[in-house]
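Biologist: Please take a close look at one part of this model, the aromatic pairing, and set it against the chain around it. Plain prose will do.

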Amino acid sequence: MDDESVVVATTVNGDTEISTSPLVILTISLPTVSSSQLNANFKLAVPPFTTLGDIRTHIVDSPECQFNTCFYLAFNGDRLNDSMTVADIPAFDPTTCSLSIVTDEFNEREVRIQIGRLREILSGFKSSTTSSFGINVGISYLMDVSGSHDINAPSQKEKVEKPSIPLMHPFQAYDFELNDELGNLESLLPKISGIKENDCLKSLTLSCWNPPPIHRRNSGDIMYLAVTTNELALFHITCSVYGFYVSRSTDKLFDPTLKNLSAPTLPGILSQISPQFKTKFTALHEATQKRHPHTYLLPTTLQATPWIVPEPQHAPDCSRTLDIVIMAADNSDIVATRDWNEDLCLAAALQTKNASEKVNRAQTLHRTYSEFVDAAMKGVVAIVQKYLAGSIGAVSGGGEADGLAGQMFLNAGIFYSLARDQGDSFSRIGGAAAAHVAVSKDVDGVSKVDALCASGGGTLEFGVNTLGTCVVDYKGIRIVAQTVIPGILKRQQPSAAKQSEKDITSGDDIQKDPIPEVIVYGSIDSGKTILSGAEFHATAEKIASVLHLDAHKVIDASGVEHLLATPLDVKGIVGNDGRKYLLDLSRLTPVDFRFLEEIDTKDSNFAPYPHRMPLLRHELVDIFYEHKLGKYVQEKAAAEGKDEIELPTLEEFDVKFNPDAFLLPCEIEDSETAELESQKEKIREISKFLNDTVIPAMALELAAKPNSVPLDGEKLTKFFHDRGINMRYLGKMTEILDTFDISVKPDLLIQEMVARAAKVVLRDLLQEIPLHLSSECVSHFLNCFFNGKDSSIEVSKPKSVKNFAFYDLTSSSLDERIRLEVSSRFRFPSSQLPDNLFINRKVLLLRSICNKVGIQIKAKTYQFSDVPGDYQIFAASDILNLYPVAKYPEPKCAFGDEIQEHALYSVRQGDKQVAQEIMTEALNIFEQVFGPVHQDAARVQRQLAVMHHENGEYEICKLYQRRALLISERLSGFDDPDTLQQYLNLGFFESLTGHYEVGFKYMQHALTYLKMHCAGNFHPELAAADAQIAMLLSESNIDRPTSLKFFAHAVAIYEKVMGQEADQTMRAKELYFNSLLQNGDWIRAHEIHNTMQRYNLSKFAQDTEKIKEIEASGEKVAAFLKQRVLLETENGIVGTNALEFTNGRKGKGKANQQKLVGVKSNNSNIPSETAAVAAGPIEPNKGHLSIDELMKFIDGGKGTKKKSGKKGKKHN
């Protein structure tokens, strides 16, 4: 893209139009010039619609202004509003004018920012990877894997480096064996180097005179600090509205007035009072600048919590108490004064008429929701640990062993309730199990409704709001955190709501047990009383039509008939603020009728299903709608004799479902009318569609395309859900796959069933015990599980401790319980489970259980064994932490997705330059909405990396790929399959620019975890990585013998997994064949050629001319290979490098001495099909000789010049 232009998306009449607009190069004037600053200003390129608030954020995050945090932007001396855009600044010409940074008055928050930034640098940015929930949260190992390679070095456009061929590489003597018996979990983690903490100061703490008294606050004092320097001098520093200065105070005398030294920043004043601080801090600050910003920038979404971590080292730090003070004050600012419901509703109601408004709405909503989720998680942890004040009483159904009973909590504007059957609301459909599932489905419902509002005109289009919702699982307890609707806790109807609902049906007047008037739609007592006001019904119908929900009749306990557009238990509420709300959105999809029939079968051999809420997924409803629409269009086109017709309107075609069908008792459900029967038939149809079409199609996909098989349980879950299949069908899918003749058995599916069943058992054990016993409980559970059912594992119980259930747990009882859960939840015969439930996937099962329950264990060597034993594999001290696992409807940026789709469309049309420009604009939008560290930004950057790779812009390609990798590692996890693919891609791109040493390090790092995920079963991903490494080793002349081993291993995996004559197998054989030719291994080359010849003949069996051509060329190649083998045999040099022999002078050929001369020379020789697979297509199969080239080679002609421009090799 042109450096001075940017793609701009505008919205006209609801359609997005793409145009180009020049970038604005801003000159930012700094307020002061320190000795470390070379210039008094710096430049910043931004789109013209960028707000000054976003520019201010960028300035604060930049190295030049890291401690210039308290300022405002000014132009010609006039203060500018942060909400203004660059284009809105009056009389501003960026080519001749500049913006000034003007130091503003400090406040307490700004002082805390100064202290926090100083502590980040002094502690090596450990605070950015440590949270109150977990250890090493959001950690990245890229810098540690990179070693001495500077990942933050500025890219140089079109720079081509000579490859520095290392004498040693990590693939020498590489072990290709897959072994799940990897007990040494410590070897999975790279050795962490990081930035060492620096002793710049002896201590930095709050002064004994802090906080300032009232009369000093009136004088501008904000905070008092006490500093002990390395020179052992004690200073008291006053933080005031004007900056920082050394005061006259001592430990015994209070005099906060200026003594002699002052500075506008905290490091500035410390540098003046301590020469050692100035020297050491400058060196430390320079070291931190080498870190990539994406390794420490805090994202606005949840980061990944690693399941294995090194044992934390806790060093003394007198300044650590400041972190607690700063954190507590920041939390108070965010939480205590927030009306979360109002903030979310205001954000959701923002206008979306143009591009700027769409971005502003998405940004505001996302940031508010992220802050709400963070506050909710802290509240849940406080509730479980029983130190949160704010309980508002209990409801019936209490008495649980954890002591929380049926309590509800209201704290900091968030309402907390336990996911249990409080008030017997779910007693008819499964009790506690149904309640547990319902809250998770509620999040799905909220997410679906919010997405519809975001893609439309916001909440104003539908006239309805949802509650901010977050479901948190912590220590086996599930708690729902929600925003509070104004007036709902007062249990009375405000005037605004009464005015909104004048026409509530007269049936309400004869209720025996009237419900609160604030609820105007639906039912809160399982249908005894039902409300269906006409005004709210009209609102509900708008959202119901988009969700494919059909209006249906229900009858209350008084016999009054009501018409509802949404499920019975969806509540419509009008709050004190006059807004309309929908809550309890768990049942916005119909029930899976076929599954209900199966679990109701009396002669079933399976344990009873835990509840009667087997709902279909929203994805399936959308797939079914598209399926029916396609059939309708085809039939109508055939009837009209046309090839194409316009899509029908909703009046012409629609598919709707009654969400209450088959779920309500007969006394509530309408009588068996023709309309109701028709609604039930639709539900039977979609359930049949799932079981007879979607599930078999997915099974065929997994069987026919082994490369589509996910590598871990999280990706498997997404794979199921994207196709509209619930995870309860894991058992059925496993049985279907077992009937296929495939080499790879569905071990991952069995693993996922066992892991989910184990989670249920461990959750039940954990929720009744106090937190301080959780490590002992988890370790005993894992010992019983991984020692096998025949082992005898005991745990001692102190006399003073209650006899909790985990003390009675044995290996046999645990095995029996897990098999029961698998039989019940997945309808899979326990007899078909392996004798040892860990099925030779111990590490993967341990990882899966830890991630699902929220457990962090110590990275060390564990003595796993297939032989049952009575030894302790895990000790209580190995369980380092239990952390909360959250699920919430994360807001998306529909506008950014739309721009990205425009870019992909341009790619499909072949206009790559325009596609690259539009994709860059999509990245700008995502970063503006979500910040630089977000999965959507990573997805776009992966695609940009591929685009720049295809354009030959390798340094820019690496820049984007490196960012994508860092984001994926921090948000998805260090061993997530997507992260591993990004490591492989980055290693490939680094090798293209001659950085083979670090490129191979990245690939070896990825292979370590890929082998762990494969767990004894080969996978095409592993073969693709092997082929990629083989080509790099071969084409760079680093180690051709090792490259042949990798090629052979890749071919063997493809043959085993994909089949002898699959396309991927033959492509790998082509690459292998050419490498054998280059290495002079004529015998194996002849064997591979024979298989390739048979494949080509079968592929073109119907093309007589092509067959003749293949046979002729094949015979010529075969004759040549036989001749070479004969010559070697006669000369007694079989096994010698035949390239030397081919050159006619043994040992003097230059072929093996040829060096790669740069990027462009090796680009086209290395196959790209395995690079950036997820990001987009790259032209495949550039690494093998064509038939014409091979024939010229055989005929003794000069080698053709390859596409890369590298000089061809001459063969005699």
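Modeller: What follows goes from the chain as a whole to one aromatic pair, and then to two other local sites.

The model is predicted. The chain has 1212 residues, of which 55% are buried. Its secondary structure consists of 36 helices and 28 strands. Taking contacts between residues at least 6 apart in sequence, 68% link residues that are at least 24 apart. The exposed area of the chain is about 51,800 Å², and 51% of that comes from carbon and sulfur atoms.

Now the aromatic rings. In general, a pair of such rings is described by two values, the distance of the centres and the angle of the planes. With a cut-off of 6.5 Å between ring centres, the count for this model is 36 aromatic pairs. One of these is formed by Tyr983 and Tyr1002, with ring centres 6.0 Å apart and planes at 55 degrees. Stacked pairs need planes under 30 degrees apart and edge-to-face pairs need over 60, so the pair of Tyr983 and Tyr1002 is classed as tilted. Tyr983 belongs to helix 27 (residues 977-992), while Tyr1002 belongs to helix 28 (residues 996-1014). The pair therefore ties together parts that lie 19 residues apart in sequence. Tyr983 is buried, its relative accessible area being 0%, and Tyr1002 is buried with a value of 0% as well.

Aromatic residues also come together in a cluster, which consists of Phe171, Tyr174, Phe176, Tyr996, Phe1000 and Phe1046.

A helix contact can be treated in a similar way. Two packed helices are described by the angle between their axes and the distance between those axes. For helix 5 (residues 266-273) and helix 6 (residues 275-289), the axes come within 5 Å and cross at roughly 130 degrees. That angle falls between the range for roughly perpendicular, 65 to 115 degrees, and the limit of 145 for roughly antiparallel, so helix 5 and helix 6 are oblique to each other. Helix 5 contributes Pro267, Leu270, Ser271 and Ile273 to the contact, and helix 6 contributes Pro275, Phe277, Lys278 and Phe281. By type, the residues of this contact are 6 nonpolar, 1 polar and 1 charged.

The last site is Ser774, a residue of helix 20 (residues 774-786). Ser774 has a relative accessibility of 4%, which is under the 20% limit, so Ser774 counts as buried. Leaving aside residues up to four places away in sequence, Ser774 touches Leu766, Ile769 and Leu882.

How values were computed: Residues are numbered from 1 along each chain as its sequence is written. This is a predicted model: local features need pLDDT of at least 70, side-chain atom pairs count only at pLDDT 80 or more; totals for chains, interfaces and linings use all residues. Side-chain values use heavy atoms; hydrogens and water are left out. Helices (H or I, at least four residues) and strands (E, at least two) are DSSP runs, numbered from the N terminus. Buried means under 20% relative accessible area, exposed over 50%, partly exposed in between (1.4 Å probe, protein chains only). Contact means heavy atoms within 4.5 Å. Accessible areas come from the Shrake-Rupley method with a 1.4 Å probe; for residues, only the protein chains shown count as cover. Axes are lines fitted to C-alpha atoms, for helices over the stretch in contact, and angles run from 0 to 180 degrees between N-to-C directions. Angles under 35 degrees count as roughly parallel, over 145 as roughly antiparallel, 65 to 115 as roughly perpendicular and the rest as oblique. Ala, Val, Leu, Ile, Met, Phe, Trp, Tyr, Cys and Pro count as nonpolar, Asp, Glu, Lys and Arg as charged, and the others, Gly among them, as polar.
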